[in-house]
Amino acid sequence: MIQLKGVKISFGEEPLLKNITFSVGPGERIGLLGPGGCGKTTILKILLGLLIPDEGTVTMMGHDVVAMKSDTERRQVLRKVGMAFQQGALFDFMTVRENLFFAMEHMTDFSKEEMDRRVKMLLQAVKISRTEDQFPFELSGGMQRRVGIVRALATDPVVAFFDEPTAGLDPVTSTIILNMIRDLAGKTNDQALVVATSNVEIAIRFADRLVIVHEGQVVADGPWRELLTDGPPWVQHFLRVRLIGLDEEYARELDLPQKFIDWHWRAGGAVP
Ligand SMILES: Nc1ncnc2c1ncn2[C@@H]1O[C@H](COP(=O)(O)OP(=O)(O)O)[C@@H](O)[C@H]1O
Ligand SMILES: [Mg+2]
């Protein structure tokens, strides 16, 4: 579905991405995780063909994204992709309903009735039905974010990217948003989902499999429970320090591995 191999890109002298390699299969859900500034958004832009890497290959649904010459081919691929950027990117001069319609009109062959049905269904699913005829500036940040997420999924994409979907939201709203993405997307089989975030807790709540980026490379790729206890030292450290301080009950809710719970709580917070 998605494949990056040896992707390199530089903006200044030092390359931001040196060697990014990972793939995502149909129906897979992954957390693209790494510290702020490590290049997550850049990776998503490369996948969308908005940035051209200096080296490496990028394949989306069998199409070579880097080599795509024609706008027609690019559009064909992008039609199957849903994208929610961190900054909502909603049109301020369109109502919520018009924003959703705009995406569907440009990216799908849905009939008017189908679009109507989807708008109702999606807004209801994220509990903002009443906003249908409102403009984005009339909504709270959390509501705008919901519209952005729903819009990314409105077109029933084969692949959907969510860039920092919960940044700046309170923990309760964050959880609602994450569950929403999972529930909505779960309705369609084989939809590949990627959530890019620098928040460990968000990443592990969303996905079992993490692709972790650090200093321009993928430093870990696998189930987070394994990475937490048996990953490379930097990865273990990165994951652990952000999970320290959670209360034990919450840790159980996250289903943290017993080994970690033993280390952290039984040993009084000592990290081996
Ligand atoms: N088009 C660009 N031109 C110059 N610098 C860029 C460009 N895009 C990203 N960068 C730089 O690359 C770094 C990482 O960007 P980004 O991909 O947004 O990281 P992340 O999403 O992981 O926080 C930032 O320091 C940013 O300034
Ligand atoms: Mg980013």
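Me: How far is an oxygen atom of ligand 1 from a polar backbone atom of Cys38?
Reply: Bear in mind that this is a predicted model. Cys38 is among the residues surrounding ligand 1, along with Gly37 and Gly39. Its polar backbone atom pairs up with a ligand oxygen, and the distance is 3.3 Å.

Me: And which residue puts a side-chain N or O atom 2.5 Å from an oxygen atom of ligand 1?
Reply: Gly37 also has a polar atom by a ligand oxygen, at 2.7 Å, but that one is a backbone N or O. For the side-chain case at 2.5 Å, the residue is Thr42.

Me: How much of the accessible area of ligand 1 does the protein cover?
Reply: On its own, ligand 1 has 560 Å² of accessible area. The share of that covered by the protein is 54%.

Me: Which helix gives the most to the shell around ligand 1?
Reply: The shell includes Lys40, Thr41 and Thr42. Helix H1 spans residues 40-47. With three residues in the shell, the top contributor is H1.

Me: What's the class make-up of that shell around ligand 1?
Reply: Phe11, Leu16 and Pro35 are among the residues there, and so is Lys40. Sorted by class, the shell comes out at four nonpolar, five polar and one charged.

Me: Moving on to helix packing, are H3 and H5 roughly parallel or oblique to each other?
Reply: The axes of H3 (residues 96-107) and H5 (residues 141-154) come within 9 Å and cross at roughly 30 degrees. Angles under 35 degrees count as roughly parallel. H3 and H5 are therefore roughly parallel.

Me: What is the handedness of the crossing of H3 and H4?
Reply: The H3 and H4 axes come within 10 Å and cross at roughly 130 degrees, so the two helices are oblique to each other. As for handedness, the crossing is right-handed.

Notes
Residues are numbered from 1 along each chain as its sequence is written. Chains are lettered from A and ligands numbered from 1 in the order in which they are written. This is a predicted model: local features need pLDDT of at least 70, side-chain atom pairs count only at pLDDT 80 or more; totals for chains, interfaces and linings use all residues. Side-chain values use heavy atoms; hydrogens and water are left out. A residue is near a molecule or strand if one of its heavy atoms lies within 4 Å of it. A polar contact is a pair of N or O atoms within 3.5 Å; within protein, one must be able to donate a hydrogen and the other to accept it, and residues adjacent in sequence count only if both atoms are side-chain atoms. Accessible areas come from the Shrake-Rupley method with a 1.4 Å probe; for residues, only the protein chains shown count as cover. Helices (H or I, at least four residues) and strands (E, at least two) are DSSP runs, numbered from the N terminus. Ala, Val, Leu, Ile, Met, Phe, Trp, Tyr, Cys and Pro count as nonpolar, Asp, Glu, Lys and Arg as charged, and the others, Gly among them, as polar. Axes are lines fitted to C-alpha atoms, for helices over the stretch in contact, and angles run from 0 to 180 degrees between N-to-C directions. Angles under 35 degrees count as roughly parallel, over 145 as roughly antiparallel, 65 to 115 as roughly perpendicular and the rest as oblique. A crossing is left-handed if the near helix is turned anticlockwise from the far one by less than a right angle, and right-handed if clockwise.
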